[in-house]
Amino acid sequence: MRFGVFYELQLPKPWSEDDEHRLVHEALDQITLADQLGIDYAWAVEHHFLDEYSHCSSPETLLAAAAARTKTIKLGHGIRQVIPQYNHPARTAETVSMLDLVSNGRAQLGFGEGATRMELHGFNIPAKEKRIMAIDAIEQVANMMTMTPYPGYDGPYFSMPARNVIPKPMQKPHPPLWMACSNRDTIRIAASLGVGALAFAFVNPEEARHWSDIYYDTIMSDACVPVGHAVNANIAMVSGFSIHPDRSEAIRRGQDGFEFFGYALASLVTKDTVPGRTTLWRDFHDIRGNKTEEIVRTAALDPQYAAGIGTADDVRRHMHEFEKAGIDQVILLQQAGRNPHDQIVESLHRFADDILPEFKAKAEAREASKAERLAPYIEAALQRKTWMAPLSDDEIPVIRASVTRDKFVAKRPGKVAQN
């Protein structure tokens, strides 16, 4: 099983003037450390206008900066908003391909659609059509990264003429595709598209087993028709994360932010919001009260109460349950709420020392066995795909010059048109 770190860049109020600057550089330091410790993935979201919950509106910039600091960790859009009103598909293809080149082939492209009216209405996106818009866009992004030239597209949500979208990515045919998932239905959709599932929901290992079964049953069925030019059969799930030799201390450090993450996400969908005047952190604590000590007392009797938060033995046991459930990657929610940078760093070191080596030692063999088992199903899935037809040389349109050569030369200072 593989592991990742995850960045919403949460910044609860009250804010100081340099808080965003500090938060960004702490995230870069943490990704650099995760790379050095042998953690496999770093994921950064793309959200817009979501005060306190996510200040990561330009993940491509954060990931490019991380690429310059790291050597092996995979750098993932988790996710990029691919609906054309957010990011034109050609710009997504160009941006991800450039990240792949800059990082020497470490880019991952998770895609999504957004869930809040704050985002969707801010870009005039109809909520009822957002999923089909995202799937339509990601298919063309994959075509743009692989076809020379891209033949052009006249679809229901965007159109563009034939162009060669450059640069092309280092990974062939393109970086692995992933889709944000929050329930069993979206897990099934991701598998039907032949993309990895980024399960941004907190479920127990028993429910994780159901999700894994749904995902791989679909991958191995006729329902799987890849949206990209390759199949990325992987399921990743997010887990709470805080490690300390004293379970009570781990909970005091991690539980507050873990609960805030879920509260803020739900509030942005279900509650009215005034732009620039959010009170998420204050409201969370007004509703929650000071129940951390109650959780500490409960966890003293039941170490499974705070999954992913506890001693190294607690967290190891939790990760084993995900492994047995068939999960391929656990994404550690190490930055949430107001948890301090030094405590995040301490937890990452403890994870790398006490837990990671055991899982890393068997990851490649596990993946090789899975690849062998899935190979015939993936081959069949790719045969079911309807591929965009390339243009023959005589079909590629000539893009006419803006002006004739004579007029262009005549307009240049100090030049006289030649007959």
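In this predicted model, the secondary structure of the chain amounts to 14 helices and twelve strands. The radius of gyration is 23 Å, close to the 22 Å that the globule rule gives for 419 residues, so the chain is as compact as a globular protein of that length. Along its principal axes, the C-alpha trace spans about 90 × 55 × 40 Å.

The central topic of the fold is a barrel. Eight strands form a closed barrel in the order 1-2-3-4-7-8-9-12, and their pairing is parallel. From one strand to the next, the twist averages 30°.

One part of this barrel can be described in further detail. Helix 6 (residues 184–192) packs on the sheet, where it touches strand 7 (177–181), strand 8 and strand 9. The direction of helix 6 makes about 165° with that of strand 7. Strand 8 (residues 196–199) pairs with strand 9 (residues 235–240) in the parallel sense, over three bridges. Within this pair, Leu 198 stands opposite Ala 236 in strand 9.

Burial, contacts and surface of the chain are collected below.

| Property of the chain | Value |
|---|---|
| Residues that count as buried, of the 419 residues | 53% |
| Contacts joining residues at least 24 apart, among those between residues at least 6 apart in sequence | 76% |
| Exposed area | about 19100 Å² |
| Share of the exposed area supplied by carbon and sulfur atoms | 52% |

In summary, the chain contains a closed barrel of eight strands with parallel pairing, and helix 6 packs on the sheet.

Notes
Residues numbered from 1 in each chain as written. Predicted model: local features only at pLDDT ≥ 70, side-chain atom pairs only at ≥ 80, totals over all residues. Heavy atoms only, no water. Pairing = 2+ DSSP bridges. Helix = DSSP H or I, 4+ residues; strand = E, 2+ residues; numbered from the N terminus. Axes fitted to C-alpha atoms, helices over the stretch in contact; angles between N-to-C directions. Contact = heavy atoms within 4.5 Å. Rg over C-alpha atoms; globule rule 2.2 N^0.38 Å. Buried < 20%, exposed > 50% of the residue type's maximum accessible area, 1.4 Å probe, protein only. Areas by Shrake-Rupley, 256 points an atom, 1.4 Å probe, with all protein chains shown as cover.
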